[in-house]
Protein chains: 2
Amino acid sequence: MPTERPRRRIPEATVARLPVYLRILVEQAEEEVECVSSDRLAELAGVNAAKVRKDLSYLGSYGTRGVGYEVAYLVYQIRRELGLTHDWPVVIVGAGNLGQALAGYGGFGERGFPVAGIVDVDPAKVGSVLGGVRVRHIDELSQIVQAKRVNIGVIATPTVSAQDAAERLVAAGVTSILNFAPVVLSVPRSIEVRKVDLAVELQILSYHEQRRSGGSIRAVGNAATQRSASA
Amino acid sequence: MPTERPRRRIPEATVARLPVYLRILVEQAEEEVECVSSDRLAELAGVNAAKVRKDLSYLGSYGTRGVGYEVAYLVYQIRRELGLTHDWPVVIVGAGNLGQALAGYGGFGERGFPVAGIVDVDPAKVGSVLGGVRVRHIDELSQIVQAKRVNIGVIATPTVSAQDAAERLVAAGVTSILNFAPVVLSVPRSIEVRKVDLAVELQILSYHEQRRSGGSIRAVGNAATQRSASA
DNA sequence: CGAGCTTTGTGAACGTGTGCACGAATGCAT
DNA sequence: ATGCATTCGTGCACACGTTCACAAAGCTCG
């Protein structure tokens, strides 16, 4: 039972793809598939087969030439590399529209990120229950983070409160933040921040639509693989 | 009043940053700021100043040396390049938790992406009103897309229905898709797909947390700028 | 056991993105 | 007018990411 620490640093682009491979592999395992080739996995993930092999090679040489990769073992290895061998409780800041949707969306806990708490500044929201978790006041944030050993915070507040939320999260001891508010957060360099911005995504689509219609000479060319969040 | 078509192709990485600059510039304009330097803009956007200049240079030479960029004019140019000179109505497929949150989140229409319709397969959901828009049956999708000239579809269905939703959207004539379901959609190459995947984002954060704690030799190092959705 | 087929793992070439460093242009003060 | 401080625009070098192409390794079958 190998438990060695990750040897080499894994490229950010690869880290962003590993979760996709993982999901596909888990699905394959559920369908009793025991072995996949890089070709098959590439097809399912919508990427190039060489890329799959190179990505997986960063984990070590876990494939068998002429055969492919053993699904169960690969699932184990990717889980280990991504730190998914144990749960990562998250705390959600903001119990508005989005916070409610996030809490209500069960898939959170199932995937190893149980909601350890939801907080809001608005006393009127405190006490209500969302997805089985009671909303508490934001002043209790530190206590929740400490008690439940939370490392990851989710910002689901209105834009204007997001920076404040970030500072409170950092002060409470959170070291990773997933930010849904359309602002660039200012936090210490040691804090890992990822952003999900609806408007940005739509505007990128708008750019391509605009090129398509008003397009000068050409437009398409590649199109190809679907873009996703990453570095 | 220049209305020429985009000359050069803009790098994807730049396209992903333009919306961020745009938002900041609009905020600056609201604060009566008339002129910004690349340094200032870089600071607000959390990126390198040289990068800002290079990004903006793809739009043309709209800065004034020794002075900076005129906010209003830059806003106009970025809007034009991103195709934001007119609205892009969107249609949302799926009136569940997420679909409701999206429809309820007013910021959609404000930012130039009015919700032209919401559809669902479940007849029980049809008829209810979300964010001022009545939920209609998915069989009416084509009709909505045609009538409202919708180019962009948003998939907010459960995972299993996402591929079906994608196919219906494409059949209806939509050419860009924003997908919230954790699946790799299979669509014609000409369709532009962008993905927003909660679980992937959290798992990337998990990776970094895991490195941080169990980290072998090194861990931090860069951290730095916050990653976001892009190519 | 060896031939032939399959599939991995990776070196090398290529393409894209980033950041420095500096010339060129502009504004301002004297 | 001239000089000085500022800031843009961009050439260049480097880092990162992608893809090709092929040797090495394993399986199957006769």
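Guide: Helices (H or I, at least four residues) and strands (E, at least two) are DSSP runs, numbered from the N terminus. This is a predicted model, in which local features need pLDDT of at least 70, side-chain atom pairs count only at pLDDT 80 or more, and totals for chains, interfaces and linings use all residues. Residues are numbered from 1 along each chain as its sequence is written, with chains lettered from A and ligands numbered from 1 in the order in which they are written.

Visitor: What length does helix α1 of chain A reach from its first C-alpha to its last?

Guide: Helix α1 of chain A covers residues 12-30, 19 in number. The expected span is 1.5 Å times one less than the number of residues, which gives 27 Å for α1. Close to that value, the helix reaches 28 Å.

Visitor: Which element supplies the largest share of the surface near DNA strand D?

Guide: A residue is near a strand if its C-beta atom, placed from the backbone, lies within 6 Å of it. Strand D is surrounded by 28 residues, with A:P11, A:G66, B:S61, B:G63 and B:G66 the closest. Elements supplying at least two residues each include α1 of chain A and β3 (68-70) of chain B. The largest share, five residues, comes from α3(B).

Visitor: Is B:N151 buried or exposed?

Guide: B:N151 lies in the loop between α7 (141-148) and β8 (152-155) of chain B. A residue is buried if 20 or more other C-beta atoms lie within 10 Å of its own, exposed if 12 or fewer, and partly exposed in between, with C-beta atoms placed from the backbone. Because B:N151 has 23 C-beta neighbours inside 10 Å, this residue counts as buried.
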